Amino acid sequence: CCSTGTAQSTFAQLNGVAPLAAFLRSPQLEVLRATAGALNQLAQHAGNSEVLYTAGVVPLLIELLSSHDASLQDQAAGTLESIRRHYLLATRLKKGIDDDNDDS
């Protein structure tokens, strides 16, 4: 999909995630692998985590964790881990900002 941060961000800004996420419902293993791999790359960019979550990929990726294909499991797990990591970071940053505002 997109290998640079700028391309990853642009892809999400152009609403490319939702159509891509729809391919997670494909019965074809090759399509699932390619889609999960692309979403994994997109998830590496912090700004895309909320977009991925909003697009509804989390439940679909959780389903892929039970796949018999190890590569597909790895891609799904990696994407979920990135979404989680970025969410936790954003939460900590927001909490830090909120804590700073409490001092006034």
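Confidence first: this is a predicted model, with a mean pLDDT of 84 for the chain, and 80% of the residues reach 70 or more. The two ends of the confidence range among the elements are set out here.

| Element | Residues | Mean pLDDT | Rank among the elements |
|---|---|---|---|
| helix H1 | 5–13 | 61 | lowest |
| helix H5 | 57–64 | 95 | highest |

Let's turn to the interior. The largest nonpolar core is made of 20 residues. Leu 24, Leu 39, Leu 52, Val 57, Leu 61, Leu 64 and Ile 83 have the most contacts inside it. Two or more residues come from each of helix H2 (17–22), helix H3 (29–43), H5 and helix H6 (70–102), and H3 gives the most, with six residues. Such grouping fits a general pattern: in soluble globular proteins, nonpolar side chains tend to be buried together.

H3 deserves a closer look. Its buried residues are Leu 32, Thr 35, Ala 36, Gly 37, Ala 38, Leu 39, Asn 40, Leu 42 and Ala 43. What about its length? With 15 residues at 1.5 Å a residue, H3 should span 21 Å, and the C-alpha atoms at its ends are indeed 21 Å apart, so the two values agree.

Now for a pair of residues that touch each other. Ile 83 is in contact with Ala 43, Ser 49, Leu 52, Val 57 and Val 58, leaving aside residues up to four places away in sequence. Ser 49, in turn, lies in helix H4 (residues 48–54). With the same sequence neighbours left out, Ser 49 touches Ala 43, Ser 82, Ile 83 and His 86. Is Ser 49 buried or exposed? Its relative accessible area is 5%, which is under the 20% cut-off, so Ser 49 counts as buried.

Notes:
Residues numbered from 1 in each chain as written. Heavy atoms only, no water. pLDDT = per-residue confidence, 0-100. Helix = DSSP H or I, 4+ residues; strand = E, 2+ residues; numbered from the N terminus. Buried < 20%, exposed > 50% of the residue type's maximum accessible area, 1.4 Å probe, protein only. Contact = heavy atoms within 4.5 Å. Core = buried A, V, L, I, M, F, W, Y, C linked by side-chain atoms within 4.5 Å. Expected span 1.5 Å × (residues − 1).
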